[in-house]
Amino acid sequence: MKYIQRINRFAKKIKWDYGKWFKLNEHLITPKLYKVKTTISIMLLMIAYLFLMMFLDVLDINFSSRHFVKLLDVKYQDVYRDLVVAQIGGTFLTTAILSMVSSIENKHVLGEKATDLLFGGKLFKFYVPMFVLYFAMIINIVLVIKEKNANIISLLFFLAMYILIFLITKIGSIFVTTKRYHNLLYAKYYRECEKTIINKIPPRNYDSKLLTNLKEETLKLICDNNISYIKNLNMYKMLIDRILFNIPKQFQEYHLDMPYAPSIFNDFIEILENLIFHKNHTRALQYYSWILNRVNYHNIFVSYDKMNEIFDDLANKILDLNNEHEVRNYLKGLSSVITGIELQQHFALSNDYTYIEKNRLKYLTFYCYNGNYFEIIYKNIYENKYLTSNEKINLYTELYDIFRMSAHTGCNVIYDITNFAFDFKEPRKRIMSPCIVGQAMSLLLLRALFNKDKRSFKLFSGMNVTEAEKSFAIHTTILALVKMQKENMERNIYNEFYGINFEYCRQAVDENTEIIFTPEFISAKMLQEGYNNISTICIEEDLYKSSLLEYIFRFEKALINEYFLLLDKKFMTQINIEGDCDESYATMINQYI
């Protein structure tokens, strides 16, 4: 019994290894298999043709002879005239073939023109067999008039029939099924994707007609509301997944080097923008969630600012929803997207970029995802004109649950590419920086204060997140209020919190002191940890850390030191503060603590 189990396991291991190898090499294997298959088919047809001619006593094949193929003399009979008449009729059927070709002129298969698929983009391959048909017909007509060379008539007649069958079958196949072309197209598209990324082709030199045609045809189908675009998007999904599997580091480096350069990923995002433009938010949300899940599965950070715009457009759909049920269902779809964004922020901070040359790393562009996703959702619910006050309150509670679960899901034990193996690998637990969830919570609190929404401020202040995340959120909220008050940002029309009432903010913080300044929060350990996190992250000049934070969370070191010094004095914790303080902030800080 044990031997049978071992054999079964060994067989499964071989099957798994083959599947992995095939994923890595399918784009190389498929064209070669197609060529082998085509070559074998041609050889079999030639053999069948020769045996047919032998059966009709037109040819004699003798492998022992020097000339193993011999053309035999055949007596001319009236039946050959009938064959030529039939050949003439069959040859003029090519007018129907021409009609078939013209009818598929505008037909596309996964972005590729049908005629290009059939004849390799060169209609010369179509005209050659047509010319052979007409040339064979003319020769046979001459031979019938002369009433001789019946053997030649037979050869050319059946050759013409073979060519007619080939043309009709080849063109007709495009009407019956296109599945046979999918793997070939995948191989062609993959090679183009890989070439662009590996060779780091800059935008000015980008000339991938294949990928451009795929994108343009997909955009056209979306514009025409033709559901066939789903097949094209499935091809995009397959290409992106295989590129991430085969060359993940090159993919990440390419998008850090040239975020806006053409690539299969950027084309996919452009298509999502068009789905949103044509009011297909639900499907755009599904594909957006998918692309985030795939890059996160492969532990890849993609630097592309358009990803932020996609989320903003999707979240703005909330303004148009008419009732609580619709908004609640839509929020469920957004929840997985939010977790995906948080993981992208995590990889932006934690990924290893040492394989990139040091002298080039500092010049790479890091477009991190904005941390205002919960703020945008809250703001859109607040501004929705169709919802009642009670419905909005219920949805704020729903938002609270989504926030709590997104942070939990992002840090949870997760299976990803590091667990991709036949033998079981213990899944690792992600440890996310507190600034990721903390910044999102802080922006949510600031928006609630801006809207003078005491209930939501109290609800979100008691968010069930880790102590480190909550500490980061509360500290940065108060520091941001002090910074805005110091710089008179409430009077700056370009500031997103233009018109904020600081007196109301101070009152709201004072009324929720017990929720905000909990015993855990004001303990020496948590205050020291909060100081270390904020003094490291919020003034750090490191490129990819600084790009993660909103501008209102970039503080002077003196402000941070003064804030924590006053907290230290108030709660007598004796934390370690490094650097100078700025006493000019003291009065404003004391108004909040």
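Lys-215 is buried in this predicted model, with a relative accessible area of 14%, and its side chain nevertheless meets that of Glu-270 in a salt bridge, at 3.1 Å from N to O. The pair links distant parts of the chain, since Lys-215 belongs to helix α8 and Glu-270 to helix α11, 55 residues apart. Glu-270, at 27% relative accessibility, counts as partly exposed, so a buried lysine is here joined to a partly exposed glutamate. The model is a predicted one, and the points below place this contact among the salt bridges, the aromatic pairs and the overall form of the chain.

**Salt bridges**

- A search of the whole structure finds 15 salt bridges, among them the pair of Lys-215 and Glu-270.
- Lys-306 and Glu-273 also meet through their side chains in a salt bridge, with 3.7 Å from N to O; Lys-306 lies in helix α13 (residues 306-315) and Glu-273 in helix α11, so this pair ties together parts that are 33 residues apart in sequence.
- Lys-306 is partly exposed at 25% relative accessibility, and Glu-273 is likewise partly exposed, with a relative accessible area of 22%.
- In the salt bridge between Glu-375 and Arg-447 the closest N and O atoms are 2.7 Å apart; because Glu-375 lies in helix α16 (residues 373-383) and Arg-447 in helix α18 (residues 434-450), the pair ties together parts that are 72 residues apart in sequence.
- Glu-375 counts as buried at 3% relative accessibility, and Arg-447 is buried as well, with a relative accessible area of 4%.
- Lys-215, Asp-267 and Glu-270 are joined into one network by salt bridges that share partners.

**Aromatic pairs between helices α11 and α12**

- The structure holds 20 aromatic pairs, including the edge-to-face pair of Phe-268 and Tyr-287, with 6.1 Å centre to centre and 85 degrees between the planes.
- Phe-268 in helix α11 (residues 264-277) and Tyr-287 in helix α12 (residues 281-297) are 19 residues apart, and their pair links distant parts of the chain.
- Phe-268 is buried, with a relative accessible area of 0%, while Tyr-287 counts as buried at 6% relative accessibility.
- Phe-268 forms a tilted pair with Trp-290, at 5.9 Å centre to centre and 55 degrees between the planes; Phe-268 lies in helix α11 and Trp-290 in helix α12, so this pair ties together parts that are 22 residues apart in sequence.
- Trp-290 is buried, as is Phe-268, and both belong to one aromatic cluster together with Tyr-236 and Tyr-287.

**Thr-218 and its contacts**

- Thr-218 is placed in helix α8 (residues 209-223) and is buried, with a relative accessible area of 0%.
- Not counting residues up to four places away in sequence, Thr-218 touches Tyr-229, Asn-232, Tyr-236 and Ile-271; of these, Tyr-236 is a member of the aromatic cluster that holds Phe-268.

**Charges over rings**

- The charged end of Arg-294 sits over the ring of Tyr-297, 4.8 Å from its centre, and the charged end of Lys-392 sits over the ring of Tyr-382, 5.9 Å from its centre.

**The chain as a whole**

- The protein chain has 26 helices and 4 strands, and buried residues make up 49% of its 593 residues.
- Its radius of gyration is 35 Å, whereas a compact globule of 593 residues would have one near 25 Å, and the C-alpha trace spans about 120 × 60 × 55 Å along its principal axes.
- Among contacts with a separation of 6 or more, 75% are between residues 24 or more positions apart.

Note on methods: Residues are numbered from 1 along each chain as its sequence is written. This is a predicted model: local features need pLDDT of at least 70, side-chain atom pairs count only at pLDDT 80 or more; totals for chains, interfaces and linings use all residues. Side-chain values use heavy atoms; hydrogens and water are left out. Rings of Phe, Tyr and Trp (its six-membered ring) pair if their centres lie within 6.5 Å; planes under 30 degrees apart count as stacked, over 60 as edge-to-face and the rest as tilted. Helices (H or I, at least four residues) and strands (E, at least two) are DSSP runs, numbered from the N terminus. Buried means under 20% relative accessible area, exposed over 50%, partly exposed in between (1.4 Å probe, protein chains only). A charge sits over a ring if NZ of Lys or CZ of Arg is within 6 Å of the ring centre and within 35 degrees of the ring normal. The radius of gyration is taken over C-alpha atoms; the globule rule is 2.2 Å times the number of residues to the power 0.38. Contact means heavy atoms within 4.5 Å. A salt bridge is a side-chain nitrogen of Lys or Arg within 4 Å of a carboxyl oxygen of Asp or Glu.
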